[in-house]
Amino acid sequence: MPRSAEALATPSRDTPYYEPVGGECRLFEHAHQHGLPLLLKGPTGCGKTRFVSHMATRLGRPLYTVACHDDLTAADLTGRYLLQGGETRWVDGPLTRAVREGGICYLDEVVEARKDVTVVLHPLTDDRRVLPLERTGELLQAPKDFMLVVSYNPGYQNILKTLKPSTRQRFMALSFDFPPPETEVAIVSRESGLDRDRCLALVNLAVRLRALKGQDLEEGVSTRLLVYCASLIRSGVPILEAAHCTLVEPLSDDEDVKAGLAEAVHATFG
Ligand SMILES: Nc1ncnc2c1ncn2[C@@H]1O[C@H](COP(=O)(O)OP(=O)(O)OP(=O)(O)O)[C@@H](O)[C@H]1O
Ligand SMILES: [Mg+2]
């Protein structure tokens, strides 16, 4: 029987801070209850990783996070035999540990992973919910509490680097974006300790900078960078200088693009 919705603990002081934007916490909980794997997509720095650690704490599950890259193999996730003190011992990888412990395994930037990784993910993400460990001969049945969460940023991926439909359609998916202004003000203020009025000015600036996306800008300025900017201002860095090194320089190497961004910064704070 799925546990009741009340099983989700209200955030405590030890819960990583996450400001919900819509019904994502509830949907995550339902996904967990039903053993559905979850795909999160959205631009860099919009809160995907924070959301997963917040939910893992609220559900009381251990979290194993793996940053995927193009050298990541299935063995990096499942485990391998290692020589330890003259003996060869099997050492579980993060995915196997999460399965054994009924934890949450979070694969960040999953589209970067090599193709053989999907081979281990497929039986785990359909109704079989099994992890075959070829090298040890085990076939692990995922316990009810085990959950697989993957994320990627659809924006800057090479068109060839996308998930195959047969992988993609094994996941329930949520789209993330930058939070609405009033929520983003709350986040930036809470994360940096800067007063709300100055955070509001930064968020308004971000809205203007994000409108420049597409004109040679791959991605709009992230909530993460706004938190950086607010933290610098809070510790005494002059606003223009803080904005330049957090909201202009990280976004582009192109002088014209940077000039456009700097103009918007000056129009707000100059
Ligand atoms: N809804 C939110 N609640 C609390 N903090 C947030 C939220 N959204 C963004 N943040 C802040 O933005 C920062 C970046 O968020 P996070 O690391 O979760 O982004 P991400 O979407 O995982 O980015 P990437 O795709 O680059 O990994 C967090 O460290 C946090 O300070
Ligand atoms: Mg992340």
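1. A residue is called buried here if 20 or more other C-beta atoms lie within 10 Å of its own, exposed if 12 or fewer, and partly exposed in between. With that in hand, helix 9 is a good place to start in this predicted model. Its buried residues are Thr223, Leu225, Leu226, Val227, Tyr228, Cys229, Ala230 and Ile233. These buried residues pack against helix 7, helix 8 and helix 10 (239-248).

2. The geometry of helix 9 is worth a look too. Its twelve residues span 16 Å from the first C-alpha to the last, close to the 16 Å expected at 1.5 Å a residue. Just after the helix comes Gly236, whose phi is positive, at about 105 degrees. As you turn the helix on screen, a reminder may help: an α-helix has 3.6 residues a turn, so residues three or four places apart point the same way.

3. Now step back to the whole chain. You should find eleven helices and nine strands. The C-alpha atoms fill a box of roughly 65 × 40 × 40 Å along the principal axes. Of the 270 residues, 34% are buried. Among contacts between residues at least 6 apart in sequence, 70% join residues at least 24 apart.

4. How far can you trust the coordinates? The average pLDDT of the chain is 92, and 96% of the residues score at least 70. Please take care with residues 1-6, where pLDDT stays under 50 and the model has four contacts beyond four places in sequence. Where pLDDT is low, the predicted coordinates should not be read in detail.

5. The domain assignment divides the chain into domain 1 (5-175) and domain 2 (181-269). Their centres, taken over C-alpha atoms, are 31 Å apart. Ten residues from domain 1 and eleven residues from domain 2 take part in the contact. On the domain 1 side, the touching residues are five nonpolar, four polar and one charged.

6. Where does ligand 1 lie with respect to domain 1 and domain 2? Ligand 1 lies between the two domains, because both of them give residues to its shell. There are 19 residues around the ligand, and Thr44, Gly47, Lys48, Thr49 and Arg50 come nearest. Helix 2 (48-59), helix 7 (181-192) and helix 9 each supply at least two residues of this shell. So helix 9, whose buried residues pack against helix 7, helix 8 and helix 10, also has a part in the surroundings of the ligand. Sorted by class, the shell has six nonpolar, seven polar and six charged residues.

7. Two residues deserve a second look for their backbone angles. Glu109 has a positive phi of about 55 degrees although it is not a glycine. You will find Glu109 in the loop between strand 5 (104-108) and helix 5 (115-124). Glu109 counts as partly exposed because it has 19 other C-beta atoms within 10 Å. Arg129, also a residue other than glycine, has a positive phi near 50 degrees. Its place is in the loop between helix 5 and strand 6 (130-133). With 18 other C-beta atoms within 10 Å, Arg129 is partly exposed.

8. Thr65 shows how pieces distant in sequence come together. This residue belongs to strand 2 (residues 63-67). Leaving aside residues up to four places away in sequence, Thr65 touches Tyr106 and Asp108. Thr65 and Ile104 are 39 residues apart in sequence, while their C-alpha atoms are 8.3 Å apart in space. Is Thr65 buried, partly exposed or exposed? Thr65 counts as partly exposed, because it has 16 C-beta neighbours inside 10 Å.

9. Finally, here are two glycines to click on. Gly214 sits in the loop between helix 8 (196-210) and helix 9 (223-234). Gly214 counts as exposed because it has 9 C-beta neighbours inside 10 Å. Its C-alpha atom is separated by 23 Å from that of Glu112, which is 102 residues away along the chain. Gly260, by contrast, is in helix 11 (residues 255-269). Gly260 is partly exposed, with 17 other C-beta atoms within 10 Å. From Gly260 to Val248, twelve residues apart in sequence, the C-alpha to C-alpha separation is 9.1 Å.

Technical notes: Residues are numbered from 1 along each chain as its sequence is written. Chains are lettered from A and ligands numbered from 1 in the order in which they are written. This is a predicted model: local features need pLDDT of at least 70, side-chain atom pairs count only at pLDDT 80 or more; totals for chains, interfaces and linings use all residues. Helices (H or I, at least four residues) and strands (E, at least two) are DSSP runs, numbered from the N terminus. Two residues are in contact if their C-beta atoms, placed from the backbone, lie within 7 Å. A residue is near a molecule or strand if its C-beta atom, placed from the backbone, lies within 6 Å of it. Ala, Val, Leu, Ile, Met, Phe, Trp, Tyr, Cys and Pro count as nonpolar, Asp, Glu, Lys and Arg as charged, and the others, Gly among them, as polar. Domain bounds come from an automatic or database domain assignment. pLDDT is the predictor's confidence in each residue, from 0 to 100. The expected span of a helix is 1.5 Å times one less than its number of residues.
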